[in-house]
Amino acid sequence: MNNIYLDHAATTPLHPQAAEQMTTVMKEIYGNPSSIHAIGRQARHLLDLARAKVARTIQAKDNEIVFTSGGTEADNLAIIGTAIANRDKGKHVITSSIEHHAVLHACNFLEREGFEVTYVQPDENGLVGVEEIEKALRDDTILVSVMFANNEVGAIQPIKKIGSLLESHQAYLHTDAVQAYGTEKIDVNDLQVDLLSASAHKINGPKGVGFLYIKNGTRIDTLFYGGEQELKRRPGTENLVSIAGFAEAASISSSMLDEKRQTYKQLKDKFLQTLVDEEIEFMINGSTEGSVPHVLNISFPGTEVESLLVNLDLAGIAASSGSACTAGSIEPSHVLTAMFGGGSERTRNSIRFSFGLGNTENQIVEAAKKTAEIVRRLTI
Ligand SMILES: Cc1ncc(COP(=O)(O)O)c(C=O)c1O
């Protein structure tokens, strides 16, 4: 049986060119970028090139990119780093209740440290309203953190509008763009964001590397203490192999953005059409219009998420119940709970299918047919 991987929002396969680049660096470039000799300078040169490549994908300046160990660290650095550095200006932070746990748990930490956090609720489509952010905004708000696209339902948030709202306010704007980087056009200047997180393993890069964009002039503290790497914002010898792989994946992804968007949208539409043709009952969680093309979250009335996932797995289909970090636990998704309320059946019968590199139309049709068969079996 051939497996069909439809969990690209959890992680993606490494792009062959990224793997090739990493292998070359692993074998040939072993210097420490901080060493002043030729071997070190060779590594530094590669690091500088990688930084420039990544910066270009979001229209940032090279010195505004800080490489991290991934999206989680980027989110933590953005939220805790700016809150601590700006506590003399206020102790209020705004975020949404549908953020990834990397943001939510960092905010919980701030609350324990005496900060006040407002968690704005989304609507039924998973959309966080600008008006809701405006209502929550106070003179002492120092940070607003709203994700670019939700990882469970794909809903794209109005970051540009929030950026305009904060234009004349002291609060910094952070966006967790981990699920959007790779399918959405991102221009940090146009969006007016001060901080933006991204992760390599969601765009066919390696796991364990990401970046935080920090607009020049942003007051931010470091989370770690050590050497002077990454402009002292993230000390520690740089993970050059992964950074080089990330830069390769980011360049490829950025140059193929339109193509990727179109392909994933077609796969999403095909999957939905096949379910319709199979005449099973389902509801889409979130709106297909305002969402990233690779994520599709579907509720199957009369089923239970655990049996759905087990049966899909047995049929060779890799999908997920939402955030990979909470998959496997029986707790209902915090995102679907925020959208539909804790009592809603949708929090217990929904599956996230996410598309990406390597998926073909034939696979999608086969996966949708098998899904329909399973749903029919489980609802008898
Ligand atoms: C929206 C979002 N933010 C942050 C993360 C964490 O990124 P990483 O796995 O690179 O730590 C994820 C990963 O699932 C995510 O989807």
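## A tour of the domain interface

Start by selecting Arg-261 and Glu-184: in this predicted model, the two side chains form a salt bridge, with 2.8 Å between the closest N and O atoms. Across the interface of domain 1 and domain 2, the rule finds two salt bridges.

Now colour the chain by domain. The domain assignment places 4-12 together with 257-378 in domain 1, and 16-255 in domain 2. If you draw a line between the two centres, taken over C-alpha atoms, it spans 27 Å. Next, select the residues in contact: domain 1 brings 33 of them and domain 2 brings 35.

Switch on a surface if you like. About 2,800 Å² is buried between domain 1 and domain 2, and carbon and sulfur atoms account for 50% of that area. To see where domain 1 loses the most area to domain 2, pick Thr-12, Leu-257 and His-334; together these three residues make up 22% of what the domain 1 side buries.

Time to look at the polar side of things. With both residues at pLDDT 80 or more, 20 residue pairs are in polar contact across the interface of domain 1 and domain 2.

Which elements of domain 1 should you show as cartoon here? Try α9 (257-277), β10 (295-299) and α11 (334-340), each of which supplies at least two residues of the side touching domain 2. Linger on α11, since the largest share of that side, six residues, comes from this helix.

For a last view, colour the domain 1 side that touches domain 2 by residue class: you will find 14 nonpolar, 15 polar and four charged residues.

Technical notes:
Residues are numbered from 1 along each chain as its sequence is written. This is a predicted model: local features need pLDDT of at least 70, side-chain atom pairs count only at pLDDT 80 or more; totals for chains, interfaces and linings use all residues. Side-chain values use heavy atoms; hydrogens and water are left out. Domain bounds come from an automatic or database domain assignment. Contact means heavy atoms within 4.5 Å. Buried area is the accessible area (1.4 Å probe) that two parts lose on being put together, summed over both. A salt bridge is a side-chain nitrogen of Lys or Arg within 4 Å of a carboxyl oxygen of Asp or Glu. A polar contact is a pair of N or O atoms within 3.5 Å; within protein, one must be able to donate a hydrogen and the other to accept it, and residues adjacent in sequence count only if both atoms are side-chain atoms. Helices (H or I, at least four residues) and strands (E, at least two) are DSSP runs, numbered from the N terminus. Ala, Val, Leu, Ile, Met, Phe, Trp, Tyr, Cys and Pro count as nonpolar, Asp, Glu, Lys and Arg as charged, and the others, Gly among them, as polar.
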